[in-house]
Amino acid sequence: MKAGSSAKPIASAPTATPPVAHTRRTTIAAVEEKYHAIRCDLEEQRRTILNEVVEGLTSSNSQETFPDVSDQASAEAEQRFSMRILEREQRLVKKIDEALARMDQSIYGICERCEEEIPYPRLKARPVTTLCIDCKTLEEQEEKSRR
Ligand SMILES: [Zn+2]
């Protein structure tokens, strides 16, 4: 029998190791804890989008044939419209997946341009962002000047 397994004969020994107060945790755990609420938000958002996508697909399939030509035209327009929404939602799901992957790699919340930490309120408001506000502003200015 290995030492330290299951029942300990020594009385009054605490079963779980008490949390060591005010010591530095490993960075990964700290990052994980810091962004836990955002991770929950992202996973919730992802579920909601995927449900909508599934619903959108089933409803557009059910109204495929229309006897009236104008109805069919509007149905096609509607379908194109919902396809655009689907595409946008798919892009967002991709961004969410990328954000979750960055969390797994503990690089979430780091600006891709200046490598500074992105302020938490910005992440909370826009969890899929990869740029801090300064760099985002710069990027938008660059895009404008390119046009
Ligand atoms: Zn930046």
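**Close-ups of a five-helix predicted model**

**View 1. The residue that follows helix 3.** Right after helix 3, Ser 106 adopts a positive phi of about 60 degrees, even though Ser 106 is not a glycine. Helices here are DSSP runs of H or I at least four residues long, strands are runs of E of at least two, and both are numbered from the N terminus. Ser 106 sits in the loop between helix 3 (69-104) and helix 4 (120-125). Is Ser 106 buried or partly exposed? Count its neighbours: there are 16 C-beta atoms inside 10 Å, so Ser 106 goes down as partly exposed. The cut-offs work like this: 20 or more other C-beta atoms within 10 Å of a residue's own makes it buried, 12 or fewer makes it exposed, and anything in between is partly exposed, with C-beta atoms placed from the backbone.

A quick note before moving on: this is a predicted model, so local features need pLDDT of at least 70, side-chain atom pairs count only at pLDDT 80 or more, and totals for chains, interfaces and linings use all residues. Residue numbers start from 1 along each chain, as its sequence is written.

**View 2. Glu 115, in the loop between helix 3 and helix 4.** Glu 115 is not a glycine either, yet its phi is positive, near 60 degrees. Glu 115 has 10 other C-beta atoms within 10 Å, so it is exposed.

**View 3. Helix 3 from end to end.** What span should the 36 residues of helix 3 have? At 1.5 Å a residue they should cover 52 Å, and the end C-alpha atoms are 51 Å apart, which agrees. The expected span is 1.5 Å times one less than the number of residues.

**View 4. Ile 85 and Leu 86, two residues of helix 3.** Ile 85 counts as exposed because it has 12 C-beta neighbours inside 10 Å. Leu 86 has 16 other C-beta atoms within 10 Å, so it is partly exposed. Now look across to another part of the chain: Ile 85 and Val 53 are 32 residues apart in sequence, with 8.8 Å between their C-alpha atoms. Leu 86 and Glu 52 are 34 residues apart in sequence, and their C-alpha atoms are 8.8 Å apart too. Leaving aside neighbours within four places in sequence, Leu 86 is in contact with Val 53 and Gly 56; contact means that the two C-beta atoms, placed from the backbone, lie within 7 Å.

**View 5. The largest nonpolar core.** Which residues make it up? There are five: Tyr 35, Leu 42, Ala 99, Met 103 and Tyr 108. A nonpolar core is a set of buried Ala, Val, Leu, Ile, Met, Phe, Trp, Tyr and Cys residues joined through C-beta atoms within 7 Å. Apart from neighbours within four places in sequence, Tyr 35 is in contact with Met 103, Tyr 108 and Gly 109. Of the 147 residues of the protein, 7% count as buried.

**View 6. Helix 5, residues 133-146.** How many of its 14 residues are buried? Zero, so helix 5 is hardly covered. From first C-alpha to last, helix 5 reaches 20 Å, close to the 20 Å expected.

**View 7. A stretch to read with care, residues 20-25.** Here pLDDT, the predictor's confidence in each residue from 0 to 100, stays under 50, and the model has one contact beyond four places in sequence for this stretch. Where pLDDT is low, the predicted coordinates should not be read in detail. The protein as a whole averages a pLDDT of 81, with 72% of the residues scoring at least 70.
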